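Good morning, and thank you for making time for this presentation. Please look at the sequence and the structure before I begin.

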2 protein chains.
Amino acid sequence: MTAHTLRYYERVGLIQPVGRARNGHRRYTQADEAWINFLHCMRATSMPIRQMQLYAELRELGDSTSLERRKILEDHQADIAAQITELQSAHALLTHKIANYKKIEARIRIGGPRIEEPAVDSTLAPAS
Amino acid sequence: MTAHTLRYYERVGLIQPVGRARNGHRRYTQADEAWINFLHCMRATSMPIRQMQLYAELRELGDSTSLERRKILEDHQADIAAQITELQSAHALLTHKIANYKKIEARIRIGGPRIEEPAVDSTLAPAS
DNA sequence: TCTTGACTTCGAGTGTGCTCAAAGATGTAC
DNA sequence: GTACATCTTTGAGCACACTCGAAGTCAAGA
């Protein structure tokens, strides 16, 4: 996370104005750091900035917004679960296709029969 | 995948010019569809368009590019594995935080002691 | 004292991947 | 025959999330 990004997050309200040293430089506390880590973690899993802004606003309002905030996290968690599922099926598909490429390469190496590339890009469904 | 997106993919060379009906309308074959599904699957797992363009170009060149193409897929598969790991740790973090919110809500419901929100946003490391 | 370097502010610019609008052709239903 | 929907083309526009640049301030080291 770059300094530029931290400034940006502050500008858009994801980070509350943080403490300063005498010279005006920002001084991040451990709590600030933990919050920034959390933000980073949510962004890294594709939570939109908008959603994070909403969460940050509710957080400022205190415990009474617990339910709303929990809902946001639960929704995002469901989203993450879906992402994982999609990634896993893509991973499996790639295993399949990579194996196929290895076969093609072996055939080329031994100067074997040049058969039409079998099903590598045409018949393998993404989920298969 | 919208029609707009399909046109876009054709424009940027991800899809070769496809067959047409007499009226000029595009007619996608099953092979076209399979390729489009593959593209969709790669995009859905965050492969950049650039990489997909490179792969598509190599594909046009035939079997001799097998090794290069395989490398692209293997790299992307590694990327996917990393994504999964990150998502899983975020998922675990959220489980933790959600449980915490439930505690807070219970405390509020029974009118219990209003203790400072414990460690929800400040001490939980993202990986914890 | 002077240089160096790390910070500050602010607004503007960039890359990615779509997404849409406008104008026109064609086929189907009434 | 005339609506209507659905496709065609092209170039422009947009959302998102940064990312950068310019000009200025400040503190420490040579």
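**Surface near the DNA, and the pairing of the chains**

Of the 15 residues around DNA strand C, those that come nearest are His25(A), Arg26(A), Tyr8(B), Asn23(B) and Ile49(B); a residue is near a strand if its C-beta atom, placed from the backbone, lies within 6 Å of it. Two or more residues each are given to this surface by α1 (3-11) of chain A and by α1 (3-11) and α3 (49-60) of chain B. Helices are DSSP runs (H or I, at least four residues), numbered from the N terminus. The largest share, three residues, comes from α1(B).

This is a predicted model: local features need pLDDT of at least 70, side-chain atom pairs count only at pLDDT 80 or more, and totals for chains, interfaces and linings use all residues. Residues are numbered from 1 along each chain as its sequence is written, while chains are lettered from A and ligands numbered from 1 in the order in which they are written.

I turn to the two chains. A turn of 180 degrees with a shift of 0.0 Å along the axis lays chain B on chain A with an RMSD of 0.1 Å (least squares on C-alpha atoms of residues with pLDDT of at least 70 in both). That is the relation of a two-fold axis. In chain B, the C-alpha of Ile84(B) is nearest the axis, 2.9 Å from it.

Finally, the helix pair. α4(A) passes α4(B) in a left-handed crossing, that is, the near helix is turned anticlockwise from the far one by less than a right angle.
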